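Q: Can you walk me through this model? I'd like to start with the overall layout and then go to single residues.

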Amino acid sequence: MNEDLVYLNGEYLPQARACVPLTDRGLLFGDSVYEVVPAYGGRPFRVSQHLARLDRSLAAIRMRNPLSHAQWRSVFERLTEPLRGRDHSIYLQVTRGAYPVRNHVIPSEVRANVFAFCMPIPPRDPVVATRGIRAVTLDDIRWHRCDIKATTLLANVLARAQAGDAGADEAILVRDGQVMEGTASNLFIVSNGLLITPPDSPELLPGVTRDLVLELAHEAGVPFAHATIGMAELGNADEVWLTSSTREIAAVVELNGRRVGDGAPGPMWQRMDDLYQACKERLRLGSECHDE
Ligand code: PDD
């Protein structure tokens with residue numbers, strides 16, 4: 001029980017009673033931003049980093065965060081409290097709010113709608129984790145502010161559908177010959193022992209998992225670089241990974257129908273995945289890992 005609990009504008013309600021009006025601008029215009037925060041054993045992971053990104057997304061769409069970080073933390077606490085011991089993700093969304101007149105102009109007087117709830121993270125499928133995933137490359141048709149974690153995700157949804165049609169688990173999006181990220185994940189390649197991820201830019205989301213991977217690489221003495229990745233480099237990479245709060249670090253073993261490396265998750269993936277899993281385990285046992 002209580003996966004059913006929703007935080008909505010200061011109240012805690014069962015999902016069925018948590019409603020926002022049809023005139024909400026999040027619904028009408030996709031005028032809203034969101035975060036997905038994993039919680040392992042009921043403990044939210046990398047909260048400061050998710051809240052900092054939420055602040056940046058809100059500032060970019062000319063909004064202030066309606067809640068303080070302390071208030072967000074207490075919302076997370078209350079939502080995850082009944083779920084102790086289990087893995088969940090906390091979904092939160094802040095919309096510009098409901099306004100009676102549908103007009104593209106941002107109303108000066110409008111009150112944000114704020115909601116959050118938990119979703120179970122299915123236990124990691126050991127087969128998928130160890131066998132890896134398939135990906136295809138697709139043209140990136142998204143806008144030029146992919147650094148904002150906006151709910152306006154139709155291009156991502158359609159790309160994922162197209163990947164599914166091709167029998168793949170994820171699409172890797174390519175803009176002007178440069179590989180950016182997945183539809184809901186960041187991209188890494190391993191080339192001659194060097195871990196590479198595309199640099200921060202308005203064309204991709206600065207992933208919290210991506211930052212953690214880089215921190216873990218730094219601590220482990222794994223050489224890494226932020227660098228643009230072209231199609232040829234992607235095709236010749238020894239390893240390709242996709243990272244996100246829900247996928248963690250997924251090894252891509254097949255790209256556009258061709259094997260990546262020897263067609264199995266590579267040794268660098270194994271090393272980083274071990275470090276990542278150890279981090280999660282420490283959080284489950286109560287010691288914060290890389291949180292602040
Ligand atoms: N998405 N890039 C995009 C486009 C994403 O949507 C996501 C995450 C990421 C990875 O970010 P992070 O490591 O902070 O989760 C990169 C979430 C999980 C989602 O939309 O469900």
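**Layout and details**

A: The domain assignment splits the protein chain into domain 1 (5-120) and domain 2 (126-284), with bounds that come from an automatic or database domain assignment. This is a predicted model, where local features need pLDDT of at least 70, side-chain atom pairs count only at pLDDT 80 or more, and totals for chains, interfaces and linings use all residues. Residues are numbered from 1 along each chain as its sequence is written, and side-chain values use heavy atoms, leaving out hydrogens and water.

Q: How many residues does each domain put into the contact?
A: Domain 1 gives 23 residues and domain 2 gives 22 residues; contact means heavy atoms within 4.5 Å.

Q: What area do they bury between them?
A: About 2,000 Å², with 59% of it on carbon and sulfur atoms. Buried area here is the accessible area (1.4 Å probe) that two parts lose on being put together, summed over both. The C-alpha centres of domain 1 and domain 2 are 26 Å apart.

Q: How many salt bridges and polar contacts are there between the domains?
A: There are two salt bridges between domain 1 and domain 2, a salt bridge being a side-chain nitrogen of Lys or Arg within 4 Å of a carboxyl oxygen of Asp or Glu. The count of residue pairs in polar contact is 10, both residues at pLDDT 80 or more. A polar contact is a pair of N or O atoms within 3.5 Å; within protein, one must be able to donate a hydrogen and the other to accept it, and residues adjacent in sequence count only if both atoms are side-chain atoms.

Q: Which element gives the most on the domain 1 side?
A: β3, with seven residues. Strands (E, at least two residues) and helices (H or I, at least four) are DSSP runs, numbered from the N terminus.

Q: Moving on to Arg-46. Where is it, and what does its side chain meet?
A: Arg-46 sits in the loop between β4 and α2. Its side chain forms a salt bridge with that of Glu-215, 3.1 Å from N to O. Arg-46 has a positive phi of about 55° although it is not a glycine.

Q: Why mention the sign of phi?
A: Because most residues other than glycine have a negative phi.

Q: Is Arg-46 buried or exposed?
A: Arg-46 is buried, at 2% relative accessible area. Buried means under 20%, exposed over 50%, and partly exposed in between (1.4 Å probe, protein chains only).

Q: And Asp-176, buried or exposed?
A: Asp-176 is exposed, with a relative accessible area of 74%. Asp-176 also has a positive phi, near 50°, and lies in the loop between β8 (170-175) and β9 (178-182).

Q: Back to α2. What covers its buried residues?
A: The cover includes β3 (32-40), β4 (43-44), α3 (69-80), β5 (88-95) and α6 (208-220). Among the buried residues of α2 are Val-47, Leu-51, Arg-53 and Leu-58.

Q: Where is Asp-31, and which side chain does it make a polar contact with?
A: Asp-31 is in the loop between α1 (25-29) and β3. The side chain of Asp-31 is in polar contact with that of Arg-96, at 2.9 Å. Asp-31 counts as buried at 10% relative accessibility.

Q: Last one: what does the side chain of Ser-185 make a polar contact with?
A: The side chain of Glu-170, at 2.9 Å. Ser-185 is buried, at 4% relative accessible area, in the loop between β9 and β10 (186-191).
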